[in-house]
Amino acid sequence: VTPDIHHNNHAVVHSNAFDTLPDDFADVKQKNQGDFVFTLTESEDESALELEVRLNTFIDTSLIHVDIQPRVVRVKIKGDLLQLRLSHEVATDASVASRSKSTGKLLITMPKLNWHVKPRLKGSRKTSANPCDPVANVSYCSNDAAAEEPPDVM
């Protein structure tokens, strides 16, 4: 089932817009047939994956089809396929695709499946003038006066 993105936020379903995926996730090949400029990142709170595809504003939104599977996202733009494997399983029913009317960018936000945001501890953002304060996490502190640089981490 493939929801299409429209400016009026209504989804139209086209079941024949995409080929059937193989049963084994390892057999899915990544593709960028249209040489689209895109970024796939995690959200700031690390609870979702965000795919941003840069498109021109003149491409009609009816020519954009999106298919989100638990480990694969597919975007077909004017018949050219962008297919990416995802690093985490995502909640397909909670995923959202939107397009900017001014820039044409397509943003697909896919919440991670079974992902819980860890609450921040109170005072975790405080800073300290003491360079050996473990809360600051900025400076290297050593009891050895000759050590100027932190040791190599293996």
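1. Let's start with E1 and E6. In this predicted model, strand E1 runs antiparallel to strand E6 (residues 80-85), and 2 bridges join them. If you want a spot to look for, try Asn32: its bridge partner in E6 is Leu82.

2. Now zoom out to the sheet around that pair. E1 and E6 belong to an open sheet of 4 strands, with the order E1-E6-E5-E4 and antiparallel pairing. Which strands sit at the edges? They are E1 (31-32) and E4 (64-68), each of which pairs on one side only.

3. Next, have a look at E7 and E8. Strand E8 covers residues 106-111 and runs antiparallel to E7, with 4 bridges between the two. Here Ser98 has Leu107 in E8 as its bridge partner. The hairpin that E7 and E8 form has 6 residues between the strands, and Gly104 takes a positive phi near 85° there.

4. Stay with E7 for its side chains. In a regular strand, side chains alternate between the two faces of the sheet. You can follow this along residues 96-99: Ala97 and Arg99 point to one face and are buried, whereas Val96 and Ser98 point to the other face and are not buried.

5. Finally, the chain as a whole. How many helices and strands does the protein chain have? The count is 0 helices and 8 strands, so reading from the N terminus you just get β-β-β-β-β-β-β-β. Of its 154 residues, 28% count as buried. The accessible surface comes to about 10,900 Å², and 49% of that belongs to carbon and sulfur atoms. As for contacts between residues at least 6 apart in sequence, 55% join residues at least 24 apart.

Technical notes. Residues are numbered from 1 along each chain as its sequence is written. This is a predicted model: local features need pLDDT of at least 70, side-chain atom pairs count only at pLDDT 80 or more; totals for chains, interfaces and linings use all residues. Side-chain values use heavy atoms; hydrogens and water are left out. Buried means under 20% relative accessible area, exposed over 50%, partly exposed in between (1.4 Å probe, protein chains only). Two strands pair if DSSP finds at least two bridges between them. Contact means heavy atoms within 4.5 Å. Accessible areas come from the Shrake-Rupley method with a 1.4 Å probe; for residues, only the protein chains shown count as cover.
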